[in-house]
Amino acid sequence: MTITSSSSWQILQDHAQQMQHSHLKELLLDESRFKTLSFAHGPLLIDFSKQRIDQHTLKHLVELAKTADLPGWITRLFNGDPINTSEARPALHTALREQAQTSLEVGGHNIIQDVQTNLSRMEKIVERIHSGQWRGYAGEPIDTIVNIGVGGSDLGPYMACSALRGARVNAGRHLKVHFVSSMDGSELADILGSLNPATTLFIVSSKSFTTIDTLSNAHTARKWLRDASGVNDTIINRCHFIGISANPAKMSSWGIADDNQLEFWDWIGGRYSMWSAIGLPIALRIGMDGFREMLQGAHSMDQHFLSAPLNENLPVLLGLIGVWNVNFLDIHAHAILPYDGRLIHLPAYLEQLEMESNGKSVNRVGEPLDYRTCPVLWGEVGPNAQHAFYQLLHQGTESVMCDFIVSARRYEKTDNESLRSQHTLTLANCLAQSRILAIGSAVQQNDQPVPGHKQYHGNQPSTTLLLDELTPFSFGSLIALYEHKVFVQSVIWDINPFDQWGVELGKTMATSLLKPLQHQASDSEFDPSTHGLMRHIHQQQERS
């Protein structure tokens, strides 16, 4: 039986027909609504009162979760059962932030011990770099870090380093940290000219250590070092490269010295890997104490997800309300709107987390689905977005669900009154935008009829996620919240969120096109469009 044929689903469909006639401006007349539809854990409060729901909606959604055996799936996730069915392995990113004294066995081996050992190795590297003891080929201390990765090996560390720049430790303030991910080499080309080869350290992050995007950039970086220094690759590799991978043999084959290798494991998906050694750039920015604080924040959300009742469980409720919007209110666009410039890269991170995880059209056993799954996500820092795509949110023809994310406190430890005033202005804009999206309004014009172009229909649902303050702990909780939300939705939709086969075909096809583009093989086997484009490329290259 599929979830859509269950009585829980049918009840929600009937309930949705009733709720279609309710407007948020009417629902928000209930003075108790915020109290009954907002939930808190640790430093995070989530307000669902501007969602098109009521208490009956939540009750029916919780019943749907029980029908899908969500509690059982949560237990299997944390126990390390092979819930990544297509690859026959567990998904244990939660183990990366587990307490050191606990034990979790996979294949008869305590993986928590492995995690803690790797964290200790990572800590030694951080201390060595911070203290100026890691030196380049000329004997000078490293002062520049370039992280080379793509996907989860780039988006997570990049986002976190930006978000937590206020938590930077003094020992790491001398370090400049850059991120390189583009396959075409443009990012690397932009920065190499301004760097000192003798004091630059490259972190090469790749789960398989076969990712062509990453290795192409790594080869270019090594050639740059070789040309600048005139020393051999053994010295360059030892002094200027750290490798992070689940494939130590490939790292060694590339030339990464054994002492410069950090590990993560095949039971960690790339988009869940910033809690592992992939987070080395984060630790270099905020120190290992700050990194462990981030892990503790995530662990706190893990424990809440594991133990809180479904009707009080933040990730569960966030996920279920998303299902309600997608499958019952027919809303298929989701805007992520942080009102904090430090979270500028959060929308891109969540785009990968959600769309790579739940962008599936078959269930766990490969059967086509007859209902929608993951919506299209996009976003931008809120004040910028207000001057970009908010026009569509307020007066467009598309229904869009929005997440507003903001901190209650900022600049409290500074005497700069102007900065505190700017934060108050930011808060005012955040609250105003979610309010207008909900209730709508019309710009009044001297008692004259309001023309249509000045009317706001409202009734656009949104959730507000309010952090007490953006710290490593609250940041860790926030990201873990979204990870578990994705898992909740995958359970309801009966899909495997831990593989990404849709990505693999593109890699294979790109490899097959390399030789024809290099005139080393025929291009006749390809479709007319691809064939025509390659011929035009060849013609243009021959003219240069």
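User: In this predicted model, why is Phe328 called buried?

Analyst: Buried means under 20% relative accessible area. Phe328 has a relative accessible area of 7%, so by that cut-off Phe328 is buried.

User: What makes Trp324 buried or exposed?

Analyst: The relative accessible area of Trp324 is 0%. The limit for buried is under 20%, so Trp324 is buried.

User: How do you know that the rings of Trp324 and Phe328 are stacked?

Analyst: Two rings pair if their centres lie within 6.5 Å, and planes under 30 degrees apart count as stacked. For Trp324 and Phe328 the centres are 5.9 Å apart and the planes stand at 25 degrees, so the pair is stacked. Both residues belong to helix α13 (residues 314-328); being four residues apart there, they are separated by about one helical turn. Ring pairs also link Trp324 and Phe328 with Trp9 and Tyr371 into a cluster. In total, the structure holds 15 aromatic pairs.

User: Why is the pair of Trp378 and Phe389 called edge-to-face?

Analyst: The label edge-to-face needs planes over 60 degrees apart. Trp378 and Phe389 have 65 degrees between their planes and 5.4 Å from centre to centre, so with centres within 6.5 Å they form an aromatic pair that is edge-to-face.

User: What does the pair of Trp378 and Phe389 tie together?

Analyst: Trp378 lies in strand β11 (residues 376-379), and Phe389 lies in the loop between α15 (382-386) and α16 (390-395), so the pair ties together parts that are eleven residues apart in sequence.

User: Why is Trp378 called partly exposed, while Phe389 counts as buried?

Analyst: Partly exposed lies between the limits of 20% and 50%. Trp378, with a relative accessible area of 24%, is partly exposed. Phe389 has 18% relative accessibility and counts as buried, because buried means under 20%.

User: How do you know that a charge sits over the ring of Trp254?

Analyst: CZ of Arg has to be within 6 Å of the ring centre and within 35 degrees of the ring normal. The charged end of Arg222 is 3.7 Å from the centre of the Trp254 ring and sits over that ring. Likewise, the charged end of Arg128 sits over the ring of Trp134, at 4.2 Å from its centre.

User: What makes β8 and β9 paired strands?

Analyst: Two strands pair if there are at least two bridges between them. Three bridges join β8 (residues 241-245) to β9, and the two run parallel, so the requirement of at least two is met. Ile244 stands opposite Leu262 in β9.

Conventions. Residues numbered from 1 in each chain as written. Predicted model: local features only at pLDDT ≥ 70, side-chain atom pairs only at ≥ 80, totals over all residues. Heavy atoms only, no water. Phe/Tyr/Trp six-rings, centres within 6.5 Å; stacked < 30°, edge-to-face > 60°. Buried < 20%, exposed > 50% of the residue type's maximum accessible area, 1.4 Å probe, protein only.
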